[in-house]
Amino acid sequence: ARAIDHEASIDLWDRYRRGERNVFTRRLYTLRGQKTFEDMKQRYDNDRTFADTVDRYIADFERLIDDVSRNDRDGTLALSYLTSDTGKVYTMLAHASGRLK
């Protein structure tokens, strides 16, 4: 979670949720986080067991966001989850897997 710049995370998720695509770039990560992202992306691409675990985490987190969003009219609760430490892990994993661009 520390690999992601918190303010950039809030901004990018807000833009993404308003319909912008291709917002998840290296700007999201701290300098150290960029290396972590590259390592995760490479491992996701080359380690099927790791990729399966990442895919399950992504699916579980997306189910959580869907559940929360049902009663979250203004989206603030979902955004809180997405920018929490757990949400930052989801963001990096989803980005590394190609799910988010």
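Helix α1 spans residues 6-17, and S9 is found within it. In this predicted model, S9 has a relative accessibility of 1% and therefore counts as buried, since buried means under 20% relative accessible area. Once its neighbours within four places in sequence are left aside, S9 is in contact with I4, L28, L82, T83 and K88.

From this serine one can turn to the nonpolar interior. The largest nonpolar core has 24 residues, and W13, F24 and Y90 are those with the most contacts inside it. Two or more residues of this core are given by each of the elements α1, α2 (31-46), α3 (48-69), α4 (76-82) and α5 (85-97), and the largest share, 6 residues, comes from α3. The surroundings of Y90 can be followed residue by residue: when residues up to four places away in sequence are not counted, Y90 touches W13, Y57, I58, F61, E62, L82 and L100. Among these partners of Y90 is L82, a residue that also appears in the list of contacts made by S9, while W13, another partner of Y90, is itself one of the residues with the most contacts inside the core.

The surface has a nonpolar feature of its own, a patch formed by L64, L77 and Y81, which together have about 230 Å² of accessible area. Within this patch, L77 is found in helix α4, and because its relative accessibility is 42%, L77 counts as partly exposed, a class that lies between the 20% limit for buried and the 50% limit for exposed residues. Helix α4 thus holds a residue of the surface patch, L77, and also gives two or more residues to the largest nonpolar core.

Technical notes
Residues numbered from 1 in each chain as written. Predicted model: local features only at pLDDT ≥ 70, side-chain atom pairs only at ≥ 80, totals over all residues. Heavy atoms only, no water. Helix = DSSP H or I, 4+ residues; strand = E, 2+ residues; numbered from the N terminus. Buried < 20%, exposed > 50% of the residue type's maximum accessible area, 1.4 Å probe, protein only. Contact = heavy atoms within 4.5 Å. Core = buried A, V, L, I, M, F, W, Y, C linked by side-chain atoms within 4.5 Å. Patch = residues over 30% accessible without salt bridge, like charges linked within 9 Å, V, L, I, M, F, W, Y side chains within 5 Å. Areas by Shrake-Rupley, 256 points an atom, 1.4 Å probe, with all protein chains shown as cover. Salt bridge = Lys/Arg side-chain N within 4 Å of Asp/Glu carboxyl O.
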